[in-house]
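Let's take a walk through this one together, side chain by side chain. Have a look at the sequence and the model first, and then we'll start with a question.

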Amino acid sequence: MTAQSTGQVAGAGTTKRAFLELDELKVSFQTEDGIVRAVDGVSFALERGRTMAIVGESGSGKSVTSQAIMGLHSRRAAKISGHAWVDGVDIVTAPEADIRALRGTQMAMIFQDPLSSLHPFYTVGKQLVEAVQAHGEVPKAEARRRAVTMLDRVGIPNAARRVDDYPHSFSGGMRQRAMIAMALINNPALLIADEPTTALDVTVQAQILELIRELQVEYNMAIVLITHDLGVVAESADDVTVMYGGRVVERGGVDEIFSRPSMPYTWGLMSSVPDMEADRGKRLEPIPGQPPSLINLPKGCVFRPRCAYAQHVPDGRCDTERPDLTPVDEGHDARCFLTLDQKRTLAVKAPGTEEVA
């Protein structure tokens with residue numbers, strides 16, 4: 001089963017789901033200004049051993065989606081519908097106690113800012129020990145041994161000594177490694193990494209990404225990687241989900257998304273990335289305008305106000321209708337009214353893209 005497939009029938013009356021599977025997941029928040037539709041019908045599937053990258057500008061719904069998978073939204077503050085299955089358990093409808101039991105053992109998350117995620121008043125070792133003991137009756141001495149082993153595994157030098165240090169005494173890269181150690185200390189099957197290399201220099205970034213890849217192979221983890229960095233996506237992901245305005249606008253294998261993008265928003269993302277082989281004097285072409293307000297989305301295609309290709313769609317459909325997510329090729333879908341022939345022609349002209357096959 002591919003990463004893009006949803007539940008498939010394995011036998012009469014039996015549905016086999018991917019390890020992680022989202023089906024029309026919606027998350028909205030009531031505010032004084034109106035309803036924020038942060039996630040609006042997101043669907044994708046991911047098996048163990050594979051990496052799904054979720055990309056898009058700030059405010060596209062990436063982090064809200066990941067927090068919904070982890071069951072971190074308060075059900076009093078957020079309205080959540082659809083499904084988010086993790087190893088067959090629907091996080092949307094499961095009791096809070098069941099979700100808490102899954103966190104750390106079946107799923108874990110690396111947050112964007114390790115300094116704010118680690119408690120400043122407790123040593124790194126104490127926080128790791130608590131993570132172990134929260135999911136089983138493990139003696140403190142054994143939990144501490146596992147904490148030292150994991151810190152050493154993620155590349156913390158002198159782990160037996162540094163286990164008693166406080167987070168502020170760690171460098172940015174070491175704090176991120178400590179967060180990875182905390183996420184993986186109970187051997188979860190699903191790891192969500194939300195901008196795991198933000199604010200790290202390129203050398204440390206490469207080390208962190210390589211570490212995550214090594215641990216993925218060792219533990220056969222499914223990884224959801226949330227990032228703005230398309231270079232990281234190209235290097236690390238198997239599949240890509242592009243989000244805009246709370247919706248999936250394109251999804252497919254990493255090769256298809258990078259070599260044959262089929263949605264103008266994806267073309268825009270590609271054109272804003274530096275190309276080391278391009279003419280040095282060539283200017284980057286950012287996407288014009290700003291992302292839409294999630295309280296007041298456009299009536300038609302949410303990307304219409306920023307799209308340079310809407311005039312190619314007859315009858316003004318982009319202004320009045322929201323396109324469905326439709327197949328471009330096997331395992332590759334895009335949300336756009338442009339025909340395949342138009343995409344082949346226009347993609348050649350779009351900066352930073354190649355012809356759609």
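Does E96 count as buried, exposed or partly exposed? Keep in mind that we're looking at a predicted model here. At a relative accessibility of 32%, E96 comes out as partly exposed. Its side chain meets that of R75 in a salt bridge, with 3.6 Å from N to O. This pair links distant parts of the chain: E96 belongs to helix α2 (residues 96–102), while R75 sits in the loop between α1 (62–69) and β6 (78–86), 21 residues apart. R75 is partly exposed too, with a relative accessible area of 40%.

That bridge has company, since the structure holds 18 salt bridges. Take E130 and K126, whose side chains meet at 3.7 Å, N to O. Why is the spacing along the chain worth a glance? These two are 4 residues apart in helix α4 (residues 124–133), so about one helical turn separates them. As for accessibility, E130 has a relative accessible area of 42% and is partly exposed, and K126, at 37%, is partly exposed as well.

Another bridge joins the side chains of R317 and E321, at 3.3 Å from N to O. R317 counts as partly exposed at 31% relative accessibility, and E321 does so at 35%. Elsewhere, salt bridges with shared partners tie D40, R247 and R322 into one network.

Now for the rings. The structure holds 4 aromatic pairs. One of them is Y244 with F303, an edge-to-face pair with 5.3 Å between the centres and 90° between the planes. Y244 lies in strand β11 (residues 239–244) and F303 in the loop between α11 (264–271) and α12 (317–320), so the pair ties together parts that are 59 residues apart in sequence. Both ends are out of the way: Y244 is buried at 2% relative accessibility, and F303 is buried at 4%.

W267 and Y309 make another pair, and it is edge-to-face because the planes stand at 90°, with the ring centres 5.1 Å apart. Here, too, distant parts of the chain are linked: W267 is in helix α11 and Y309 is in the loop between α11 and α12, 42 residues apart. Both W267 and Y309 are buried. Going back to the earlier pair, Y244 and F303 form one aromatic cluster together with Y265.

Helix α11 deserves a moment of its own. How many of the residues of α11 are buried? The count is 8 of 8, so the helix is mostly covered. Among the buried residues of α11 are Y265 and W267, alongside P264, T266 and G268.

Rings also turn up beneath charges. R17 lies over the face of W85, at 3.5 Å from the ring centre. R48 does something similar with F19, lying over the ring face at 5.6 Å from its centre.

Which residues have the most contacts inside the largest nonpolar core? They are L20, L190 and Y265, in a core of 69 residues. Strand β4 (residues 34–46) gives the most to this core, with 6 residues. If you pick L20 and leave out residues up to four places away in sequence, you find that L20 touches F44, A45, L46, I69, W85, V86, L190 and V224. So W85, the ring under R17, is also among the contacts of L20. There is a second, separate core as well, with 41 residues, including V154, A183, A193 and L209.

Last stop: the cysteines. How many disulfides does a search of the whole structure find? The answer is 0. Take C307: its sulfur is 6.4 Å from the closest cysteine sulfur, which is in C318, and that is too far for a bond, because a disulfide needs the two sulfur atoms within 2.5 Å. C318 is in no disulfide either, with its nearest cysteine sulfur, that of C301, 5.8 Å away. Are these two cysteines buried or exposed? C307 is buried, with a relative accessible area of 17%, and C318 is buried at 10% relative accessibility.

Technical notes. Residues are numbered from 1 along each chain as its sequence is written. This is a predicted model: local features need pLDDT of at least 70, side-chain atom pairs count only at pLDDT 80 or more; totals for chains, interfaces and linings use all residues. Side-chain values use heavy atoms; hydrogens and water are left out. Buried means under 20% relative accessible area, exposed over 50%, partly exposed in between (1.4 Å probe, protein chains only). A salt bridge is a side-chain nitrogen of Lys or Arg within 4 Å of a carboxyl oxygen of Asp or Glu. Rings of Phe, Tyr and Trp (its six-membered ring) pair if their centres lie within 6.5 Å; planes under 30 degrees apart count as stacked, over 60 as edge-to-face and the rest as tilted. A charge sits over a ring if NZ of Lys or CZ of Arg is within 6 Å of the ring centre and within 35 degrees of the ring normal. A nonpolar core is a set of buried Ala, Val, Leu, Ile, Met, Phe, Trp, Tyr and Cys residues joined through side-chain atoms within 4.5 Å. Contact means heavy atoms within 4.5 Å.
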